[in-house]
Amino acid sequence: MDNDHYLLHAAGVQKSFNGVPALLDGRLELRPGTVHALCGGNGAGKSTFLNILTGMLRRDRGTIRCKGQPVNFESPADSLAAGVAMISQELNPLLDMTVAENLYLGREPMRLGGLVIDYARLFERAAALMESLGFEIDVRAPLRRLSLAKRQLVEIAKAISYDSEILIMDEPTSAIGEAEAAILFEAIRRLTARGVGVIYVSHRMSEIFSIATEYTIFRNGGFIESGRLADIDAAHLVHGIVGERVTRSQRPATLRDEPVMLEARGYTQRKRFTGIDLQVKRGEILGIYGLMGAGRSEFLNAVFGLTRPDEGTLLIDGKPVRIDKPADALSNGLALITEDRKDTGLIGCRSVRENISLSALRSYSKAGWIRAERERDALAKMVRQFSIRASSGEIPVQQLSGGNQQKVILARFLLTKPRVLLCDEPTRGIDEGTKQQIYEFLNSFVAQGRCAIVVSSELDEVMQVSDRIAVFARGRISGTLTRAEASHHALTHLAS
Ligand SMILES: Nc1ncnc2c1ncn2[C@@H]1O[C@H](COP(=O)(O)OP(=O)(O)OP(=O)(O)O)[C@@H](O)[C@H]1O
Ligand SMILES: [Mg+2]
């Protein structure tokens, strides 16, 4: 195929930030009507490359051609005009505006000679777009009222609404579950059937193999290989991404019979979850699986005191405890790792060091000031343990790649020395190699006389990390399976 037939052809793309190279040789060839997976570990340079393709960042070197024509986008508006649209890893929506307004921001249909927005037509157009994509979303609702998954679908609809020939999706499903991704894949298939080319980034292997046909691997900013997914298997892809053999972490086959450490009895929050009874033993990891909106995160948030249950009792080591606010949870030895790093996670402009030690400040401060040395030691240990890729602990956390930001959140909570770890989608946006490190970490965490609850929307993950899996459906536990009993089929069945 000569260059003119590619929708997009990029080679030798380079980019440094303050003299530190982030991308050494960005390369990708996109054919019409295909989904091309761009693969690589956290910090490999994927988002940097894609941001260059869409004019968000300027490249230092390299060539980019769209349908054979050399291009040099200076802004996202340029790339949109040339038919390249991107759904970015971090969403920046206007939460108080309606879905329809967010969709057509800056290009709303007008009336009275362009003086006022024609809301009737705006809502009509937005509703028609959602319907054509099969997304069930009320376009008149303010975005704030939508779940993270639905906001993601709005972002996707927005990119599609530009009728672009090239659609770039940087982890479009990181905020939504595997089951929900099916709706997105349906929409993607409709687009590729019309000849649209999609560049797709995801850390979920199962997703890559189900939606993409071609792949390109970046590692440490460099191009490693590309080809057809039909010619390789997941192990080959993971090896290419990580650069070495990955050993899968494994739970011990059987656990000793230990006392119950955390128990919820009749936990109920109106309209969210009802009559949740569950027990987690010392040394145990309890997985919670379910579809989006099944009440899993809401339950976890209530356990941690972010919200209050209407009814129910929580017991730790057999004793009822009262948790009205997160501070109560922390003092009872609970820690929560949340799914949404933007809302509840990090302070972007502060350094990695500050973000990690934020909630642990008390254990490093003596008579009010922070003991710098102890803080530095603990930080160095965390950076090593989670392989956080940062040029130094002093750089603002917003300059880290997405997955590395997630690792900072994990590290921060572990410094509070919890006894019970509550994790909501702990490996969201995290690459295959580091995922296994995190599972290993969870194993050793609970082996030291502690326990954990892991909420996950990924079947492979929940089956790999849990000793038992409670499945939530419409706010109730629809069944609990041991790891041996669990299968994709059984879990999906219980969840629906
Ligand atoms: N604005 C910036 N300033 C400084 N360094 C940056 C900036 N943006 C990215 N980097 C660095 O460039 C490297 C590549 O980051 P990039 O975001 O492209 O990785 P990625 O492959 O998208 O990773 P992930 O899978 O975690 O999203 C990282 O080391 C990152 O810290
Ligand atoms: Mg990225």
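This dialogue reads the cavities and salt bridges of a predicted model.

Q: What should I know before reading this model?
A: In this predicted model, local features need pLDDT of at least 70 and side-chain atom pairs count only at pLDDT 80 or more, while totals for chains, interfaces and linings use all residues. Residues are numbered from 1 along each chain as its sequence is written, chains are lettered from A and ligands numbered from 1 in the order in which they are written, and side-chain values use heavy atoms, with hydrogens and water left out.

Q: How many cavities of 30 Å³ or more does the structure hold?
A: Rolling a probe the size of a water molecule over the atoms shows where empty space is left. Here a cavity is a set of points, on a 1 Å grid over the protein atoms alone, where a 1.4 Å probe fits but cannot get out; lining residues have an atom within 4 Å of a point. Grid points are joined across faces, edges and corners, and a volume is the space filled by probe spheres set on the points. The structure has two cavities of 30 Å³ or more, and the largest encloses about 130 Å³.

Q: Which residues lie nearest the centre of the largest cavity?
A: They are Ser 174, Arg 204, Arg 428, Gly 429 and Glu 458, out of 15 lining residues. By class, the lining has two nonpolar, six polar and seven charged residues. In this scheme Ala, Val, Leu, Ile, Met, Phe, Trp, Tyr, Cys and Pro are nonpolar, Asp, Glu, Lys and Arg charged, and the others, Gly among them, polar.

Q: Why does the largest cavity lie between domain 1 and domain 2?
A: Domain bounds come from an automatic or database domain assignment. Domain 1 (3–242) and domain 2 (260–495) both contribute to the lining, so the largest cavity lies between them.

Q: What lines the second largest cavity?
A: This space of about 30 Å³ is lined by Ile 337, Leu 410, Leu 414, Leu 421, Cys 423, Pro 426, Ile 438, Phe 441 and Leu 442. Helix H15 (402–414), strand E21 (420–424) and helix H16 (432–447) each give two or more of these residues. H16 has the largest share, three residues. Helices (H or I, at least four residues) and strands (E, at least two) are DSSP runs, numbered from the N terminus. The class count is nine nonpolar, no polar and no charged residues.

Q: How many salt bridges does the structure hold?
A: A salt bridge is a side-chain nitrogen of Lys or Arg within 4 Å of a carboxyl oxygen of Asp or Glu. There are 24 of them here. One joins Lys 67 to Glu 165 (3.0 Å, N to O). Lys 67 sits in the loop between strand E4 (61–66) and strand E5 (69–70), and Glu 165 in the loop between helix H5 (148–160) and strand E9 (166–170), so the pair ties together parts 98 residues apart in sequence.

Q: Where does the pair of Asp 257 and Lys 281 lie?
A: The side chains of Asp 257 and Lys 281 form a salt bridge (3.3 Å, N to O). Asp 257 is in the loop between helix H8 (234–242) and strand E13 (260–269), and Lys 281 in strand E14 (residues 273–281). For accessibility, buried means under 20% relative accessible area, exposed over 50%, and partly exposed in between (1.4 Å probe, protein chains only). Asp 257 is exposed at 70%, whereas Lys 281 is partly exposed at 30%.

Q: Which residues are linked in a network of salt bridges?
A: Arg 204, Glu 207, Glu 432, Lys 435 and Glu 458 make up the network.

Conventions
On a 1 Å grid over the protein atoms alone, a cavity is a set of points where a 1.4 Å probe fits but cannot get out, and a pocket is an open set with protein on both sides within 12 Å along at least five of seven lines; lining residues have an atom within 4 Å of a point.
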